[in-house]
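Welcome, and take a moment to look over the sequence and the model before reading on. The report below walks through the fold one part at a time.

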Amino acid sequence: MEELRFEGEYYAGSESLKNPIVSPIYGDLADLPPITIFGGTNDILYPDMKLFTEKAKQNVRLITYEGMFHVFPFFPLPESKRAYEQILDIIVSL
């Protein structure tokens, strides 16, 4: 957890960790365009994905993959293929 905090502070630079530019959870989530988030239950950011989805209340959909990790769609896994197909379906339907 200490490493994660360090990385977050490094990413934020001189900005507050509660600046919406650093973490959208702290921003105005009204009137968002449609957003789809793909997340794995083993992703270290999964709790924040759920919180963001709950706070946004509309136009945000979280698609969860049990046991998957951060950026799992980029790996050659069966779950990745399924996520990739879902991403294509979303893009085609726009």
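Which residues make a nonpolar surface patch of about 410 Å²? The patch is made by M1, L4, I44 and L45. To be part of a patch, a residue must have over 30% relative accessible area and no salt bridge; like charges are joined within 9 Å, and nonpolar side chains (Val, Leu, Ile, Met, Phe, Trp, Tyr) within 5 Å. Accessible areas come from the Shrake-Rupley method with a 1.4 Å probe, and for residues only the protein chains shown count as cover. One of the patch members, L4, is found in helix α1, and L4 is partly exposed, with a relative accessible area of 32%.

Before going further, a few ground rules will help. This is a predicted model, in which local features need pLDDT of at least 70 and side-chain atom pairs count only at pLDDT 80 or more, while totals for chains, interfaces and linings use all residues. Residues are numbered from 1 along each chain as its sequence is written, and side-chain values use heavy atoms, with hydrogens and water left out.

**The overall fold**

The chain holds 3 helices and 2 strands, and along the sequence they follow the pattern α-β-α-β-α. Helices (H or I, at least four residues) and strands (E, at least two) are DSSP runs, numbered from the N terminus. The C-alpha trace spans about 40 × 30 × 20 Å along its principal axes. Of the 94 residues, 27% count as buried; here buried means under 20% relative accessible area, exposed over 50%, and partly exposed in between (1.4 Å probe, protein chains only).

**Two strands and a crossover**

Strand β1 (residues 35-40) pairs with strand β2 (residues 60-65) in the parallel sense, over 6 bridges. Two strands pair if DSSP finds at least two bridges between them. You can follow the pairing residue by residue: F38 has I63 as its bridge partner in β2, and G39 stands opposite T64 in β2.

From β1 the chain crosses through helix α2 (residues 46-56) to β2, and this β-α-β crossover is right-handed. That term applies if, with the strands pointing away from the viewer, the path from the first strand over the helix to the second runs clockwise.

**The two sides of α2**

Which residues of α2 are buried? They are Y46, M49, F52, T53 and A56. Seen down the axis of α2, these buried residues fall within an arc of 120 degrees, so they line one face of the helix. The arc is that of the directions from the helix axis to the C-beta atoms. On the other side of α2, P47 and E54 are exposed.

**Residues in the loops**

Several loop residues are worth finding in the model. The table lists where some of them sit and their relative accessible areas.

| Residue | Loop | Relative accessible area |
|---|---|---|
| D31 | between α1 (2-12) and β1 | 71%, exposed |
| D43 | between β1 and α2 | 5%, buried |
| K57 | between α2 and β2 | 74%, exposed |
| V71 | between β2 and α3 | 37%, partly exposed |

D31 has a positive phi of about 60 degrees although it is not a glycine. K57 has a positive phi too, of about 65 degrees, and K57 is not a glycine either.

D43 and V71 can each be paired with a residue elsewhere in the sequence. D43 and G67 are 24 residues apart in sequence and 8.2 Å apart in space, C-alpha to C-alpha. V71 and N42 are 29 residues apart in sequence and 11 Å apart in space, again C-alpha to C-alpha.

**A salt bridge in α3**

Side chains of opposite charge can pair when their charged atoms come close. A salt bridge is a side-chain nitrogen of Lys or Arg within 4 Å of a carboxyl oxygen of Asp or Glu, and by this rule the count comes to 1 salt bridge. Which residue forms a salt bridge with K81? The partner is E85, and the closest N and O atoms are 3.4 Å apart. Both E85 and K81 lie in helix α3 (residues 78-92), 4 residues apart, which is about one turn of the helix. E85 is partly exposed, with a relative accessible area of 39%, whereas K81 is exposed at 54%.
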